[in-house]
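Welcome, and please have a look at the model below. The report after it walks through a few of its features.

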Amino acid sequence: MAEPNRSFSGSDPDALEEKYRLERDRRRRVDRTSIHDLRSDDRFGRYRKDPFTPFTERDPVSKDCEVAIVGAGMGGTVVAARLSEQGIEDLCLLDEAGGFGGTWYWNRYPGVMCDIESTIYMPMLEEMRKTPSTRYAFGEEIREHFEAIADRYALRPASLFHTRVERTEWNEGGARWEITTDRGDRIRARFVIMAVGMLNLMKLPAIPGMERFEGHAFHTARWDYDYTGGGPGDWDELPGLHDKRVALIGTGSSGIQCVPPLAASAEQLYVFQRTPSAIGVRDNRPIPKDFATDLAPGWQAARMDNFAKTMLALPTDEDLIDDGWTRYYAPLLTPRVDYSRPLEEIMRQIAAIDHGVMDAHRDRVDAIVSDRGKAEILKPYYRYLCKRPCFHDEYLPAMDRDNVTLVDCPDGVEEITPDGLVANGTKYTVDCIVYATGFESESTPFQRRAGHPIVGRKGIDMEAKWRDGVRSLHGLMTSGFPNFFTMPNPYQQAVVTVTHTHVTVECADHIAKTLGAMHAKGVQAFDVTPEAEEAWTAEIVSKALDRSSFTEGCTPSRFNGEGSTEPANPRNGSYGGSAGDLFGYRALLADWRERGDFAGLEILPRAEDLAASD
Ligand code: N01
């Protein structure tokens, strides 16, 4: 693939931008946000069923614990491990899944992998003495890593799986959080940590007629290996599909990863593409077993920092990761242009970098896909940051296969019939439909992602409190909700990082150390003061950039509300603005802890006093 920083080689950047506008407009016409709400629409509830772990009956649990953690994905598992390092081991983890891993529990589709380098994506590698087997880990290795963390820190006995929290409520009198679940449990906890995840709600588009489909259908986040054959991590052969015509809807990160195994096994694969992804080089390879042998302790944190610095264009001696993210994404996230020049010229320089990057991606399609018709359809025409980029080396070659039909449908699939799909007025008869249609976006309000009412002091509901935008201290605590933390999320006033692992481990560390310090000082209850919350929110708002002039030009995607022209709420921002100031944020949290005065928190020596103070 060509070098990223070359300028656009085409003779007419204006014509290219005009092409981008035309392609955007082709995709703006559909009702893209129409989905089936899987939580409330019983007709589609079966799409959420766990195909991986059998459901077992158990008696309801009634117990007290020090810290309840809602969610046993990356955030919940890592914060639980860090708490136990602080000596806080009286925990209770709750999750709807049947095991640890969150997104990696649910997403076991053929080909599932992480396109962030495993050495910086998989947390706690040093503590676990783990060297990932490949540069980009496949899903099973990541999921098993979370299971291993859970075993090492004895989290399993503290965990309730296949358990959906129905209500989390502050009990004023008892000064405890009370959690009730769909299994009849009653958990009373002094502290609560919400680790509910960010891409945790499967998105099933509301395509007319889909409930009438008589073949087999499922979402990539609930892969049905009973139907396809094969199994998680064992997908070279999916014998159940040998005589099947399969439709795949969606060509984002999940869709493109499952195309090669599907193409290798299905009799016929129809790929329904609304917008082509930009597919960069992945270059996966084994990591030598002795990779970390000579590295100094702390190597993983240093490597994560190196990646973050490269992404933020901060000085580093070397780009240790040196992959598509650092070569293509970084130059556009934090462009190295001459900011002393007039704005118009700066914009021209950035456009030239962008055109060069996207040109390289279009050239890659031409170089790999020999079917000229398919190649044209696969070329992405939009600015690189408009959609999440993908990295893959087998997807484009698989598209060239004779048994793969690529259906270009910028309007989406029009209709589903009892035996097939209709797009652009053409009917495709199939046996099976795979929805690779993704998840509700990271900007989904916290309470919807949490999926249940969270009720704080004086009966205030979190949904009501954050309806007009987030108000928090550090993006992790909020006034009126004592002894309560949320793990960070991009639109929630913490900080964003390109690999979400980084902000997760930083905040898990901070929350655990804060609770450790509170224990040491005998603090039993805190609440955020309204003044501290106001000040933090003002800080976030002051750095919020109006990106609408950029996103307006983008092809519709989850990054711009599927083409919405609504301005973003500046309160739902990130520390340091849109690219995020991770290092400033981390220093600020460390300084806050070091001062030891819990600034911005109202501390009461006994939880009971907090109730009495209302
Ligand atoms: O979901 P997506 P995903 N008719 O939203 C299409 C993370 N992840 O599961 O592009 C036809 O990206 C939709 O079309 P369009 C990562 O953060 C990470 O693939 O919107 N098509 C799109 O092609 C990622 O961003 C890894 O026009 C319809 C697709 O469905 C996030 O998860 C791996 C349609 C959805 O793509 C989500 O990725 C996998 C309709 N009605 C995932 N509705 C790593 O490697 C939707 N589409 C770390």
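What follows covers a sheet, a pair of helices and the ligand surroundings.

Please keep in mind that this is a predicted model.

Let's start with the sheet. It is open and built from five strands, which run in the order 9-18-10-11-14 with parallel pairing. At its edges sit strand 9 (216-219) and strand 14 (404-408), each of which pairs on one side only. On average, and with direction ignored, neighbouring strands of this sheet are turned by 15° against each other. Edge strand 14 is joined to strand 11 (residues 268-273) in the parallel sense, over five bridges. Within that pairing, Phe-272 has Val-407 of strand 14 as its bridge partner.

Next come the helices. Helix 2 (residues 74-85) packs against helix 15 (residues 500-520) at an angle of about 35°, and their axes are 9 Å apart. Their crossing is right-handed. Helix 2 contributes Met-74, Gly-75, Val-78, Val-79, Arg-82 and Leu-83 to the contact, while the residues from helix 15 include Thr-501, Val-505, Ala-508, Asp-509 and Leu-515. Sorted by class, this contact of helix 2 with helix 15 has nine nonpolar, three polar and two charged residues.

Finally, the ligand. It is surrounded by 25 residues, and the closest are Ser-254, Thr-275, Lys-387, Arg-388 and Arg-558. The table lists distances from polar side-chain atoms to an oxygen atom of the ligand.

| Residue | Distance to a ligand oxygen atom |
|---|---|
| Arg-274 | 2.9 Å |
| Thr-275 | 2.5 Å |
| Arg-558 | 2.7 Å |

Note on methods:
Residues numbered from 1 in each chain as written. Predicted model: local features only at pLDDT ≥ 70, side-chain atom pairs only at ≥ 80, totals over all residues. Heavy atoms only, no water. Pairing = 2+ DSSP bridges. Helix = DSSP H or I, 4+ residues; strand = E, 2+ residues; numbered from the N terminus. Axes fitted to C-alpha atoms, helices over the stretch in contact; angles between N-to-C directions. Left-handed = near helix turned anticlockwise from the far one by under 90°. Contact = heavy atoms within 4.5 Å. Nonpolar A, V, L, I, M, F, W, Y, C, P; charged D, E, K, R; others polar. Near = heavy atom within 4 Å. Polar contact = N/O pair within 3.5 Å; in protein donor to acceptor, adjacent residues only side chain to side chain.
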